[in-house]
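User: Hi! I have a structure to go through with you, and I would like to ask a few questions about it.

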Amino acid sequence: MRNQTLCILLFLCTLNASPIVVYVGWNAEDIAAGIREAVDAGFNVINLEFWMNNEPAGSVASWAKLPKDTKQSTLDYAHSKGAVIIMSVGGGTEHIDTVMTQVTGQNYGTRAAQFAKANLFDGVDLDLEFSPGTNGPLKDGSGVNWIVECHKAVRAVIGPSAYLTHAPQAPYLGEWAGPNRGYVQVYKQLNGDIDWFNLQFYNQGEGCYSTYDTLFKSYKSGWDSGNAIAELKSQGIPYEKLIVGKYYPALNGGSGLVEPSVLNSFFQQAKQELGWTGGFMVWGYKCNGMTLKQLTKWGKLMQGTFGNSLPKKGSGISYDEL
C-alpha cells in the first residue's frame, strides 16, 4: 500500500487542474458502477454522501459495505483516469445546530475521519448545514468555532496530503451570516486550510444566483448580500478555492437552476474578466433523476473549460497503519 499511496501523491503533485465535482447519491444500486460512470463522464472528484452523526447513509453506506478489494479496484480505476473519491459528511438533513448540542466538533470530526480512513477514501468533504433559516450559530461564533474544531480534528486524522473540502450554502459566507460572514471567518481561523469550497449556489429563492452578475460580480437579495464570487475573493478567499455548485435536473433542487450551456458561458466570461480559475460542482447523480446522458453532458462540457486531470492538491490518506 505504501508504494501505491506514494505513486498517487507524486502523480497528483505534477498536475494542475480545477475540480469538476459530482455528488453520487443514494439511488446507486451498484455504487462502484456509479462511480465509474461519473469518472467516465468527465468528473475528477466523486463525492459520496453522507457520513452522519448516528450512522453512515446513502452512497457512503453502500461504499462501506463493499469488499475491500472492490473498493481498491474502484479507487485504482478512478486514479488511473485522473479522479479521486471523497466522503461527504453531514448533508441537508444533518442539522449541525442540533448536532452541536450532542457532540463536540472534535468528536464529530474525529469519528468521520476515522471512518473515511477505514474505508479508503481520498479525503473528506464537510457539508455542514444548519436548520433552514438558522444563522445564530454563525453570527454569535459558536457554529464557526464548532466547524473549525471539526475541521482540525479531521485534518489530524487524515493528514496534510489528503483532500479536505467544505460545501456551505452560499449565504453562509454573506452578510446574512453576521458581521464576520460566518464561513469567511472559518476560513480565516483555519489559516486557509480548506482545499476548496463546493459552494451551494441554489435553493435560496426564485431567481437567486441565476445570472452572471449575481453569481460572479455582486449579489444582493432582500435578506442577504455579499457572496458572489468576486465579493468572496475580496474577503480573502482565492479564486481557485471558489467552486460554483449547481443542481441538475430540476428534480434535484428548488431554485437556482441554470442550463449547462448558459452556466458554461458564465464560466468563460469569469475566466476572461476576473481571472477566476475555480471549478464546478453538481448535485447530483443517482439522486432524483439525473440520467447518464445528462451527467456526461455536464462532465464533458466542464472538461473543456477546466481540463480533465486531478485537482491541484496532493491526495492520499496514508493507510500504512491499517
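What follows is a short set of questions and answers on this structure.

Analyst: Happy to help! This is a predicted model, so local features need pLDDT of at least 70, side-chain atom pairs count only at pLDDT 80 or more, and totals for chains, interfaces and linings use all residues. Residues are numbered from 1 along each chain as its sequence is written, and side-chain values use heavy atoms, with hydrogens and water left out.

User: What pLDDT does the protein average?

Analyst: pLDDT is the predictor's confidence in each residue, from 0 to 100. It stays under 50 over residues 1-15 and also over residues 318-322. Still, 90% of the residues score at least 70, and the protein averages a pLDDT of 90.

User: Which helix gives the most to the largest nonpolar core?

Analyst: A nonpolar core is a set of buried Ala, Val, Leu, Ile, Met, Phe, Trp, Tyr and Cys residues joined through side-chain atoms within 4.5 Å, where buried means under 20% relative accessible area, exposed over 50% and partly exposed in between (1.4 Å probe, protein chains only). The largest one has 89 residues, and Phe43, Leu48, Tyr108, Phe216, Trp276 and Phe280 touch the most other members. With helices (H or I, at least four residues) and strands (E, at least two) taken as DSSP runs numbered from the N terminus, the top contributor, with eight residues, is helix H8 (residues 142-158).

User: Is Gln204 buried or exposed?

Analyst: Gln204 lies in the loop between strand E6 (197-200) and helix H10 (212-217). Its relative accessibility is 13%, so Gln204 counts as buried.

User: Which side chain does that of Gln169 join in a polar contact of 2.8 Å?

Analyst: Gln169 sits in the loop between strand E5 (163-166) and helix H9 (183-189). Not counting residues up to four places away in sequence, Gln169 touches Glu129, Gln200 and Gln204 (contact means heavy atoms within 4.5 Å). A polar contact is a pair of N or O atoms within 3.5 Å; within protein, one must be able to donate a hydrogen and the other to accept it, and residues adjacent in sequence count only if both atoms are side-chain atoms. The partner at 2.8 Å is the side chain of Gln204.

User: How many disulfides does the count come to?

Analyst: A disulfide is a pair of cysteine sulfur atoms within 2.5 Å. By this rule, the count comes to zero.
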